[in-house]
Amino acid sequence: KVKGGVSLVCSFLFFDECADKVNAVIDFVVNYIKSIDAHELCSKIGNCDDEDLPEPVVELVGDEESCNKCVAEYEKIISIITENPQVKSTIKTVLSAICFLPIDNCSQLIEDVVDEAFAELEMGSKDLCAKIGQC
């Protein structure tokens, strides 16, 4: 449903292939959120006690092929963001649509998680792909 909102938001923006580029970066952000361990995610939303959570374990789930695919996706995302800096604010706008849910500080949470996901891109492809278990 979030991706459906991308087309609407992109109809007001003027850059080539907006929906395709924004959706590619949204996929990255969603995968990043999925890779956050339960401790970290719960601390961000303030919705659970640390003692209720298992210790995080990052395991290598990929092989050389999945590592290469991850690195290629990383390069694609970096290219999109470099060429279209407005993608970040577009993603924040689209993801803010979930703020109808009763989540405390929802808008700020969206801002923080998207900013953090974009900051993770500064790690470089190999480090980021290793962090999410693909290399």
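**Entry 1: Asn-105**

I started at Asn-105, which is exposed, with a relative accessible area of 62%. Worth writing down before I go on: I'm working from a predicted model. I then checked where Asn-105 sits, and its place is in the loop between α5 and α6. I looked at the backbone too, and phi of Asn-105 is near 55°, a positive value in a residue other than glycine. I flagged that angle because most residues other than glycine have a negative phi.

**Entry 2: the nonpolar core**

Next I pulled up the largest nonpolar core and got 27 residues. Which members touch the most others? My list reads Val-22, Val-25, Phe-28, Val-29, Ile-91, Phe-118 and Leu-121. I then asked which helices supply at least two residues each, and found α1 (2–10), α2 (18–35), α4 (64–83), α5 (87–95) and α6 (106–120). The largest share is from α2, with 8 residues.

I picked Val-22 for a closer look. Setting aside neighbours within four places in sequence, I find Val-22 in contact with Val-6, Cys-10, Phe-15, Val-87, Thr-90 and Ile-91. Ile-91 turns up again here: like Val-22, Ile-91 is on the list of core residues that touch the most other members.

**Entry 3: salt bridges around Asp-115**

I ran the salt-bridge search and the count came to 4. I went to Asp-115 and found a bridge to Lys-88, with the closest N and O atoms 3.2 Å apart. This pair links distant parts of the chain, since Asp-115 is in helix α6 and Lys-88 in helix α5, 27 residues apart. How accessible are the two partners? Asp-115 is partly exposed at 29% relative accessible area, and Lys-88 also counts as partly exposed, at 28%.

Asp-115 also meets Lys-92 in a salt bridge, 2.6 Å from N to O. Lys-92 lies in helix α5 and Asp-115 in helix α6, so this pair ties together parts 23 residues apart in sequence. I checked whether Lys-92 is buried or exposed. At 13% relative accessibility, Lys-92 counts as buried, because the cut-off for buried is under 20%.

I then looked for a wider pattern and found a network of salt bridges that links Lys-88, Lys-92, Glu-111 and Asp-115.

**Entry 4: Glu-120 and Lys-131**

I moved on to Glu-120, whose side chain meets that of Lys-131 in a salt bridge at 2.9 Å, N to O. Which helices does this one join? Glu-120 is in helix α6 and Lys-131 in helix α7, and the two residues are 11 apart. I compared accessibility across the pair: Glu-120 is buried, with a relative accessible area of 12%, whereas Lys-131 counts as partly exposed at 37%.

**Entry 5: Ser-125**

Last stop was helix α7, which covers residues 125–131 and has Ser-125 in it. Ser-125 is buried, with a relative accessible area of 13%. What is Ser-125 in contact with, leaving aside neighbours within four places in sequence? I get Val-71, Tyr-74 and Glu-75. I looked those numbers up against the helix ranges, and α4 spans 64–83.

Conventions. Residues numbered from 1 in each chain as written. Predicted model: local features only at pLDDT ≥ 70, side-chain atom pairs only at ≥ 80, totals over all residues. Heavy atoms only, no water. Helix = DSSP H or I, 4+ residues; strand = E, 2+ residues; numbered from the N terminus. Buried < 20%, exposed > 50% of the residue type's maximum accessible area, 1.4 Å probe, protein only. Contact = heavy atoms within 4.5 Å. Core = buried A, V, L, I, M, F, W, Y, C linked by side-chain atoms within 4.5 Å.
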